[in-house]
Every structure is written in structure tokens, then in C-alpha cells.
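Student: I have a structure to study and would like to work through it with you. Can we begin with what lies inside?

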Amino acid sequence: MDRMEFLIFFKKPFWTGLCTRYTDDGIFSAIHVFGSEPTNGEITDFYLNHFDRLEFVRCDTDAEYSGIKKVSFKKSLHKGKTEQKKGTGRSLELNKAAMSKHLEEKKMLKKQDKREQFREKYLQKARKRKDKKRGH
């Protein structure tokens with residue numbers, strides 16, 4: 001039994017979409033940052049054109065997952081309200097896992113950019129020294 005949820009919420013300063021996929025193999029999640037508040041057209045465009053590019057991360061590494069039970073609408077509302085009051089819940093954990101992966105990738109990219117800038121600066125200084133030695 002496969003099921004997928006897509007939740008859009010505001011996390012300062014951006015609107016973020018959290019996609020959660022429930023399969024027989026486990027729970028997987030992916031995150032997408034929209035930036036400004038997305039319109040219905042932007043959400044539809046994302047779903048049709050960019051949804052296949054999401055990178056899903058496994059979220060339940062130590063828990064055994066056998067499927068999803070159907071819960072009545074009112075029970076799910078009540079459970080959601082109590083979890084929101086407590087500040088716990090599955091969606092919060094999934095969001096943390098997806099955000100940590102996103103932050104790690106962002107950190108690595110920043111590190112690589114810094115290395116490239118340092119190398120570029122070094123090469124520029126070397127060229128200046130060489131030109132100075134030639135006596136331009």
C-alpha cells in the first residue's frame with residue numbers, strides 16, 4: 001500500500017513543502033523550498049514538472065513499518081491538535097530529518113565555494129607577482 005502526502009507550511013523566512021511517501025519498505029520524505037507563498041498555479045506546475053526531481057530520504061531507520069491504518073477524520077484532527085500542543089509528532093521528525101540533510105548539502109556547497117574562491121584569489125596573486133617580476 002503506497003500513499004503520499006504533500007504539506008506546505010511557512011517556516012521563517014520561506015514557504016516550504018514537505019513530501020512524505022509511505023510504502024511497504026518504510027517512510028521516506030523530501031523537502032522543497034518555494035520561497036514566497038506559492039499560488040495554486042505554482043503548486044500545480046511544481047507537481048507536474050519538478051516533482052520527479054525530489055530526493056527522498058528514509059526516515060524510519062530503526063522502526064518496523066508494516067503499513068498505514070485508516071483512522072477516522074475526527075480522530076486524526078484530535079490527534080493532530082494534541083501533537084501540535086505537545087510539539088511532537090511524526091511530521092515534525094520527518095521535517096527535522098529532511099532539513100538536516102538539506103543543511104548538510106548546503107554546508108558542503110558553501111565549503112566548496114569557499115575553496116574555489118580561495119584558489120582563485122591565490123592564482124590572481126600569483127599572476128600579479130609574476131607580472132611584477134617581469135617589469136610591466
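Student: Which residues make up the largest nonpolar core?

Tutor: Keep in mind that this is a predicted model. In soluble globular proteins, nonpolar side chains tend to be buried together. Here the largest nonpolar core has six residues in all. They are Cys19, Ala30, Phe34, Phe46, Phe51 and Leu54.

Student: Which residues does a second, separate core include?

Tutor: This second core is separate and has five residues. Among them are Phe9, Leu18, Ile31 and Ala98.

Student: In what order do the strands of the sheet stand?

Tutor: Strands of a sheet pair through backbone hydrogen bonds, either parallel or antiparallel. In this open sheet of four strands the pairing is antiparallel. The order is β1-β2-β3-β4.

Student: Which strands stand at the edges, with one side left without a neighbour in the sheet?

Tutor: Look for strands with a single partner strand. Each such strand has one partner, so one of its sides is left without a neighbour in the sheet. The edge strands are β1 (3–11) and β4 (57–58).

Student: How many bridges join β1 to β2?

Tutor: These two strands form a hairpin, with two residues between them. Glu5 stands opposite Thr20 in β2. The strands run antiparallel, and the bridges that join them number nine.

Student: Which residue in β3 does Cys19 stand opposite?

Tutor: Strand β2 covers residues 14–22 and strand β3 covers residues 27–35. Eight bridges join this antiparallel pair. The β3 residue opposite Cys19 is also one of its contacts, and it belongs with Cys19 to the largest nonpolar core. It is Ala30.

Student: Is Thr16 buried or exposed?

Tutor: Thr16 lies in strand β2. Leaving out residues up to four places away in sequence, Thr16 touches Leu7, Ile8, Phe9, Lys11, Ile31, His32, Val33 and Phe34. Its relative accessible area is 4%, and the cut-off is under 20%, so Thr16 is buried.

Student: Which residues lie nearest the centre of the second largest pocket?

Tutor: About 300 Å³ of space lies in this pocket. Its lining has 14 residues. β3, α1 (40–50) and α3 (90–134) each supply at least two of them. Nearest the centre lie Ile31, Leu54, Glu55, His102 and Glu105.

Student: How many residues of that lining are nonpolar, polar and charged?

Tutor: Sort the residues of the lining of the second largest pocket into three classes. Three are polar and four are charged. The nonpolar ones number seven.

Terms used. Residues are numbered from 1 along each chain as its sequence is written. This is a predicted model: local features need pLDDT of at least 70, side-chain atom pairs count only at pLDDT 80 or more; totals for chains, interfaces and linings use all residues. Side-chain values use heavy atoms; hydrogens and water are left out. Two strands pair if DSSP finds at least two bridges between them. On a 1 Å grid over the protein atoms alone, a cavity is a set of points where a 1.4 Å probe fits but cannot get out, and a pocket is an open set with protein on both sides within 12 Å along at least five of seven lines; lining residues have an atom within 4 Å of a point. Grid points are joined across faces, edges and corners, and a volume is the space filled by probe spheres set on the points. Ala, Val, Leu, Ile, Met, Phe, Trp, Tyr, Cys and Pro count as nonpolar, Asp, Glu, Lys and Arg as charged, and the others, Gly among them, as polar. A nonpolar core is a set of buried Ala, Val, Leu, Ile, Met, Phe, Trp, Tyr and Cys residues joined through side-chain atoms within 4.5 Å. Buried means under 20% relative accessible area, exposed over 50%, partly exposed in between (1.4 Å probe, protein chains only). Contact means heavy atoms within 4.5 Å.
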